[in-house]
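Colleague: Please pick one part of this model and give me a close look at it. I'd like to know how it sits against its surroundings, with your cut-offs spelled out.

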Amino acid sequence: DMSVVNSMYQYSLSAYLEVFDMSLRRSLPDSFLGKRLQNIVDTLTLNVYNYATTGLFEKDKLLFSFQLTVKLLEAEGKMVQEELDFFVKGNLSLEKASVAKPFAWIPEQGWQDLVRLAEIPKTPFASLLKDIQQNEAVWKTWSNLEAPESVPLPLQYETAVSPFQRLCLLRCFRVDRVYRAIVNFVTNVLGERFVQPPVIRFEAVHEASTAKGPIVFILSAGSDPAGDLMKLAEKMGFGE
């Protein structure tokens, strides 16, 4: 899916199988099959993340972390497609909201999104519009915070919503804080390692590569990996 973002982001099946084989070797052994399989899955997930982010531009790395998290939740049956569609697209209706916006401080598009969010079935948001109308001060105070994604949600929503539903709700009020909220979301689901791309080490790149696949460096102005490559060559006995 990342190839939609940039055509350069394409990975072959053979490349994935190499990462898979490496994960089998590195994962912790265990006498219990279930635990052994979980160790393989955990190691493979982290290795796929490390392998993929090594070839991504910095601006796209969090998007990959988010996509990886969503795909894993979908595989576990913990992601509701309608909620995901809402988070990505918002309210696409061209008609005015069926409920009038009660307060001027709520963004126009934000209210349209709130109305759509309240319509999604089987969520804690059935009474959301009424809760906002009856508790303006609470919601306005929370919305005006510098980092509302880092504090409890108003009323019962702090304990009622899932981590992803929290993202959907924040999106309606403060779209400018969604980036940071996604960092929190990925951290809560997968762990902090999945929002901290690994520092590129040539030893690790070499270890993850094969003689049949070239390693391509895309350099920015002023960068020169030649010195580090020579050090790696000498360390591995290929230097002069």
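Modeller: What follows sets the scene with the whole chain, then stays with helix α9 and its packing, and ends on a side view from α3.

Ground rules: this is a predicted model, where local features need pLDDT of at least 70 and side-chain atom pairs count only at pLDDT 80 or more, while totals for chains, interfaces and linings use all residues. Residues are numbered from 1 along each chain as its sequence is written, and side-chain values use heavy atoms, with hydrogens and water left out.

The protein has 12 helices and zero strands; those are DSSP runs numbered from the N terminus, helices being H or I with at least four residues and strands E with at least two. Its radius of gyration is 23 Å, well over the 18 Å that the globule rule gives for 240 residues, so the protein is more spread out than a compact globule. That radius is taken over C-alpha atoms, and the rule is 2.2 Å times the number of residues to the power 0.38. The C-alpha trace spans about 75 × 50 × 30 Å along its principal axes. Of the 240 residues, 35% count as buried (under 20% relative accessible area with a 1.4 Å probe, protein chains only; exposed is over 50%, partly exposed in between).

Now for α9. Nine of its 11 residues are buried, among them Phe164, Leu167, Leu169 and Phe173. The largest nonpolar core has 47 residues, and Phe164 and Leu169 are among those with the most contacts inside it. Such a core is a set of buried Ala, Val, Leu, Ile, Met, Phe, Trp, Tyr and Cys residues joined through side-chain atoms within 4.5 Å. Elements giving two or more residues to this core include α5 (108-119), α9 (163-173) and α10 (178-190), and the largest share, seven residues, comes from α9.

One packing partner is α5: the two axes come within 7 Å and cross at roughly 150°. Axes here are lines fitted to C-alpha atoms, for helices over the stretch in contact, and angles run from 0 to 180 degrees between N-to-C directions. That makes α5 roughly antiparallel to α9 (over 145 degrees; under 35 is roughly parallel, 65 to 115 roughly perpendicular, the rest oblique). Contact, meaning heavy atoms within 4.5 Å, is made by Gly110, Asp113, Leu114 and Leu117 of α5 with Cys168, Leu169, Arg171, Cys172 and Phe173 of α9. By class that's six nonpolar, one polar and two charged residues, counting Ala, Val, Leu, Ile, Met, Phe, Trp, Tyr, Cys and Pro as nonpolar, Asp, Glu, Lys and Arg as charged, and the others, Gly among them, as polar.

Another partner is α10, packed on α9 at about 175° with the axes 10 Å apart, so the two are roughly antiparallel. Pro163, Phe164, Leu167, Leu170 and Arg171 of α9 meet Val178, Ala181, Ile182 and Phe185 of α10, giving eight nonpolar, no polar and one charged residue.

Following Phe185 leads to α3. Leu73 of that helix touches Lys78, Met79, Phe185 and Val189, leaving out residues up to four places away in sequence. Its C-alpha atom is 8.9 Å from that of Val189, 116 residues apart along the chain. Thr69, also in α3, contacts Phe185, Val186, Val189 and Leu190, again without neighbours within four places. Thr69 is buried at 0%, and Leu73 is buried at 11%.
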